[in-house]
Amino acid sequence: KQWYQRRYIGAAGGVVGGLVLGGAGGYFLGKGKAVAVKEKYETYWPREIMMLFGAPGAGKGTQGPKIVDELGIPQPSTGDMLREAVAAGTEVGKRAKEVMASGGLVSDDIVIGIIADRIKEPDCKTGFILDGFPRTTEQAQALDAMLAKNGEAVSLVMAFDVDHDVLEERICGRWIDKASGRSYHVKFAPPKSMKLGAEGKLVKESMKDDQTGAQLIQRPDDTAEALKQRLDGNNK
């Protein structure tokens, strides 16, 4: 947002100056200059291309939306992009559908193709954020090559470095409502129904959704053992 402010501050000054100098006519003249400057920078200024990296529970899902709101650029996930491409029946979406129908894994070139199509959309005009991609050196190189075709490059990589004990506390304390996806945490955001037993241990049956009263669940990979495996893979 600050880089937008720096870009348009001169144009904003034109609007104010127009108001002072020429009443309504000056206002529209100044406004026209502001729009022209905005269009100029949207056309010629490099897009803000960001990547978020971090272990499970590091905070990407929490901070990502805040960055989206601050910069006004989208954060499309590879999963959403893949589903949208398949649903839209694009050329690369059809290729992905065939691979998935056969039980295979979608190749890097298909994923890159889906990203290339998605970032042509109007909401990506001034930039976008990638989360969860690339995951390998090969994917990173393919992404760089795809962006280079348009004279672009990743402008910022944001890595979330969080202590293992903190990650374990965040992950192992998570509970979700399966139907809605609402998330709770035994320490940071407990449901109203949560109860502790005589020894201070959590009564699992008391974990109910605040809105529906449905029983909350823990995902199979939200355990200390699963977290260790995921961290080992993340660090390779």
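The following questions and answers walk through a predicted model of one protein chain.

Colleague: How many helices and how many strands does the secondary structure of the chain come to?

Modeller: Starting from the N terminus, the elements of the chain follow one another as α-β-α-α-α-α-β-α-β-α-β-β-α. The secondary structure as a whole comes to eight helices and five strands.

Colleague: What share of the residues of the chain counts as buried?

Modeller: A residue is called buried when its relative accessible area is under 20%. Applied to the 236 residues of the chain, this cut-off gives a buried share of 31%.

Colleague: What is the order of the strands in the open sheet of three strands?

Modeller: Strand 1 runs parallel to strand 2, to which five bridges join it, and strand 1 also pairs with strand 3 in the parallel sense, over five bridges. Strand 2 and strand 3 (156-160) each pair on one side only, and they are the edge strands. Neighbouring strands of the sheet are turned by 20° against each other on average, direction ignored. The order of the strands is 2-1-3.

Colleague: Which residues stand opposite Leu-52 in strand 2 and in strand 3?

Modeller: Leu-52 has a partner on either neighbouring strand, and in strand 3 the residue opposite Leu-52 is Met-158. Further along, Phe-53 stands opposite Ala-159 in strand 3. In strand 2 the bridge partner of Leu-52 is Asp-131, so that the two names asked for, by the definition of pairing through bridges, are Asp-131 and Met-158.

Colleague: How many residues of strand 1 are buried?

Modeller: In the order 2-1-3, strand 1 is written between the other two strands of the sheet. Strand 1 is mostly covered, and of its seven residues the number buried is six.

Colleague: Why is strand 2 described as largely enclosed by the rest of the structure?

Modeller: Strand 2 is an edge strand that pairs on one side only. Even so, strand 2 is largely enclosed by the rest of the structure, because the number of its five residues that are buried is four.

Colleague: Is Phe-128 buried or exposed?

Modeller: Phe-128 lies in strand 2, and, leaving aside its neighbours within four places in sequence, it is in contact with Arg-47, Glu-48, Ile-49, Met-50, Ile-73, Pro-74, Pro-76, Ile-119 and Leu-147. Phe-128 and Met-51 are 77 residues apart in sequence, and their C-alpha atoms are 8.7 Å apart in space. With a relative accessible area of 1%, Phe-128 is buried.

Colleague: Which helix gives the most residues to the largest nonpolar core?

Modeller: The largest nonpolar core has 21 residues, and among those that touch the most other members are Ile-114, Ile-115, Ile-119 and Phe-128. At least two residues of this core come from each of strand 1 (48-54), helix 3 (78-88), helix 4 (91-101), helix 5 (108-118), strand 2 (127-131) and helix 6 (137-148). The element that gives the most, with six residues, is helix 5.

Colleague: Which residues does Ile-114 touch, not counting residues up to four places away in sequence?

Modeller: In soluble globular proteins, nonpolar side chains tend to be buried together. Ile-114 is one of the residues that touch the most other members of the largest nonpolar core. Not counting residues up to four places away in sequence, Ile-114 touches Met-81, Leu-82, Ala-85, Val-92 and Ala-96.

Colleague: Where do the buried residues of helix 2 fall, seen down its axis?

Modeller: Helix 2 (residues 60-71) has twelve residues and reaches 16 Å from its first C-alpha to its last, close to the 16 Å expected at 1.5 Å a residue. Its buried residues include Lys-60, Gly-64, Ile-67 and Leu-71, whereas the face turned away from the buried side carries the exposed residues Lys-66 and Asp-69. Seen down the axis of helix 2, the buried residues line one face of the helix, because they fall within an arc of 70°.

Colleague: What is the relative accessible area of Gln-139?

Modeller: Gln-139 lies in helix 6, and, apart from its neighbours within four places in sequence, it is in contact with Asp-108, Ile-112, Phe-133 and Pro-134. Gln-139 counts as buried, and its relative accessible area is 11%.

Conventions: Residues numbered from 1 in each chain as written. Predicted model: local features only at pLDDT ≥ 70, side-chain atom pairs only at ≥ 80, totals over all residues. Heavy atoms only, no water. Core = buried A, V, L, I, M, F, W, Y, C linked by side-chain atoms within 4.5 Å. Buried < 20%, exposed > 50% of the residue type's maximum accessible area, 1.4 Å probe, protein only. Contact = heavy atoms within 4.5 Å. Expected span 1.5 Å × (residues − 1). Arc of directions from axis to C-beta. Axes fitted to C-alpha atoms, helices over the stretch in contact; angles between N-to-C directions.
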